[in-house]
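Colleague: Please take me closely through one part of this model, strand by strand and with the residues named. Once that part is clear, I would be glad to see a few other places set beside it.

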Amino acid sequence: MDAVAAASRVAALRADITRHDRLYYELDAPEVPDAEYDRLFRELQALEAEFPTLLTPDSPTRRVGGRALDGFAPVRHAVPMLSIRTETDVEASGALAFDARVRRELALTEDDPPVEYAAELKFDGLAVNLRYEHGVLVQAATRGDGETGEDVTQNVRTIREVPLRLAAVSGGSLSAAPEVLEIRGEVYMRRDQFDAFNARAIAAGERTLVNPRNAAAGSIRQLDPAIAARRPLSFFAYGLGDVRGWGVPDTHAGVLDALSAFGVPVCEHRAVCTGAGALAQFHARIADARAGLPFDIDGVVYKVNSRALQQKLGFVTREPRWAVAHKYPAQEALTTVQGIDVQVGRTGKLTPVARLAPVFVGGVTVTNATLHNEYEVRRKDVHVGDTVIVRRAGDVIPEVVSVLSDRRPATAAAFSMPVHCPVCGSDVVREEGEADHRCTGGLFCSAQRRQALLHFAGRRAMDIEGLGDKLVEQLVDGGLIRSLPDLYTLGVLKLSALARMADKSAENLVASLEKSKRTTLGRFLFALGIRHVGEATAKEVARQLGSMDRIMGASVEELAQVPDVGPVVAASIHTFFAQPHNREVVEQLRACGIAWEEGEARVISGPMVGKTVVLTGTLPTLSRDEAKEMLEAAGAKVTGSVSKKTDFVVAGTEAGTKLTKAQGLGITILDESGLLSMLATRES
């Protein structure tokens, strides 16, 4: 590149970086991830190094971005809040390079002892300066441009972790505190607090927060402190600003220990490391723990521990020579959406997935990112062809964070959720009040095959002993089972040919399949895996309607008349049987020999009808399941906990707290003989 081209590129880079600085520091609305910003910044640094005549005092490389908003009073920092150098080599060599620079600056030889460092986390929030005078918080300011920040005292005072008075002087004379103590640190938002806040916002129909970093910055820079007070913010201290009247410890680690003693939050994930190797080990250890941290970080920070050596090393332009931020692989990156596919999960949920131009983010190459549901696609306004920010943290599935709408091409296409399942062609429904769309072809859809088989074979459904996860996986992957009726075509010969399946195990499974053919209508209905239809609901529907044909032909209104069946459950049952292939599977299962007693819808009467019963302890002859089935057949509802609404508690030996609570509430207690006596009086 010649000088003319370099000048043009430098001007363009400065304009872009200045714009991104304003979006990041002033408007809290960044358009590009950190990795993209760092790339632009490094390119500008390289060009200024290659063409020194292009370096000017107002270059972004010579200052910290941002300025105070007009809505906040300006605060002139007594000690500038400058940024530190970034080491983007994500391997151990980043730590080695920093140590080599420090030793070179200190003129140390191989015979000199290793340098001692303080290692900490690089938080992803908003840097602030807390000013305490005689132990009392008097001012809080943002970094701003490093020289002048914004007065955000009232907002910071809403953060419960920030002490309004230093702990060392909380009960004594203020004269015991430093005359002035400025504490530098980071305001951040924990991930769980961020998720909880957004969940409440969605429920209330309010605007959600983009990410924890923006949430922290945007909260602190609200003109209304009441808004900041409603945001769950936290704080970590990591350094000092102006200090007067206090004997500052000799090491940075000692400073953090002293701040902690003052009652100021200091992150526990820090260490004193001797030499480059120890720094590299700290970097690797935190990388392994990163995904499990309750807050976001994008790297670690190394600082020469000795404050005397820090002063000796000094600064170069905008950065201290004695500190560096060693970054991890970017968790956010820019890419384009090449298409939006729809995946069908094991429970029938449809999830739109963005097909991306490959991008390296979070340590791996990402080609797909979840869009969660149609509501999220609409909220984020994602189109095919868009340039998007993709985020990947730890082992979390990559997701599209936001769209750069100003880069949207004219050919960009909006997304629409399909009305038919892309796997099996069944109708797709979205129930009122839910964000997710679901396939209605549970028994037919191959995407749901494993889940359908496992549920069908469950102990409370068809009770097919020996048909577990691993075997179902082999049967499905091997093409031996394509739908539920295929189970009953399995023979000993087919099964014994499978890996880890002996002849005896195959014989036992075939016997269990044969035994399962004699069942009840309630069990069979539950085994079909209809959405929202649990075991108790299936039994009640079977009891009230009496036959499979009547259930399959029932209207939503008829189904809704069944006790404990509301409009959502009624609609789910009706929709399920409205699919021809689901009805066909039921008929095929009947043809396999599955049978149950049927009859007219029965009206049950007796002392247990409508009663709520709790079982506890071990009964002499009845198992818990047998007692439950008998009670439900008599019209009772069996629950797991005792409350004021409980009518009877059936107690056996070793009954525990449920019996004690029932006695305290004055609830009638029955033993097994008392239960059988009451059941014998029922009429049907």
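**A four-stranded sheet and its buried strand**

Modeller: Four strands, in the order 5-4-7-8, make up an open sheet whose pairing is antiparallel (strands are DSSP E runs of at least two residues and helices H or I runs of at least four, both numbered from the N terminus; two strands pair if DSSP finds at least two bridges between them). The model is predicted: local features need pLDDT of at least 70 and side-chain atom pairs count only at pLDDT 80 or more, while totals for chains, interfaces and linings use all residues. Residues are numbered from 1 along each chain as its sequence is written, and side-chain values use heavy atoms, leaving out hydrogens and water.

The edges of this sheet are strand 5 (136–142) and strand 8, each of which pairs on one side only. From one strand to the next, the twist averages 25° (angles run from 0 to 180 degrees between N-to-C directions, and axes are lines fitted to C-alpha atoms, for helices over the stretch in contact).

Strand 7, residues 180–188, deserves the closest look. Nine of its nine residues are buried, so strand 7 is largely enclosed by the rest of the structure (buried means under 20% relative accessible area, with a 1.4 Å probe and protein chains only). Val180, Glu182, Arg184, Glu186 and Tyr188 point one way from strand 7, whereas Leu181, Ile183, Gly185 and Val187 point the other way, and the residues of both sets are all buried. The buried set that holds Val180 and Tyr188 thus also includes the residues Glu182, Arg184 and Glu186.

On one side of strand 7 in the sheet order comes strand 4, and on the other comes strand 8. Strand 4, which covers residues 126–133, is joined to strand 7 by eight bridges, and the two run antiparallel; within this pairing, Leu126 has Val187 of strand 7 as its bridge partner. Strand 8, residues 234–244, is likewise joined to strand 7 by eight bridges and runs antiparallel to it, with Ser234 of strand 8 standing opposite Tyr188.

A helix also belongs to this picture. Helix 8, residues 252–261, packs on the sheet and touches both strand 7 and strand 8, and the direction of helix 8 makes about 110° with that of strand 8 (contact means heavy atoms within 4.5 Å).

Strand 21, residues 612–616, can be set beside this. Five of its five residues are buried, so strand 21 too is largely enclosed by the rest of the structure. Thr612, Val614 and Thr616 point one way from strand 21, Val613 and Leu615 point the other way, and all are buried. Strand 21 is joined by three bridges to strand 22, residues 637–639, and these two strands run parallel, with Thr612 opposite Lys637 of strand 22.

Two helix pairs complete the view. Helix 17, residues 535–545, and helix 22, residues 624–633, have axes that come within 11 Å and cross at roughly 40°. Their contact is made by Glu535, Ala536, Lys539 and Arg543 of helix 17 together with Lys628, Glu629, Glu632 and Ala633 of helix 22. Helix 12, residues 449–457, packs against helix 13, residues 469–477, at an angle of about 135°, with their axes 10 Å apart. Here Arg449, Arg450, Leu453 and Leu454 of helix 12 meet Asp469, Val472, Glu473, Val476 and Asp477 of helix 13.

How values were computed:
Buried means under 20% relative accessible area, exposed over 50%, partly exposed in between (1.4 Å probe, protein chains only).
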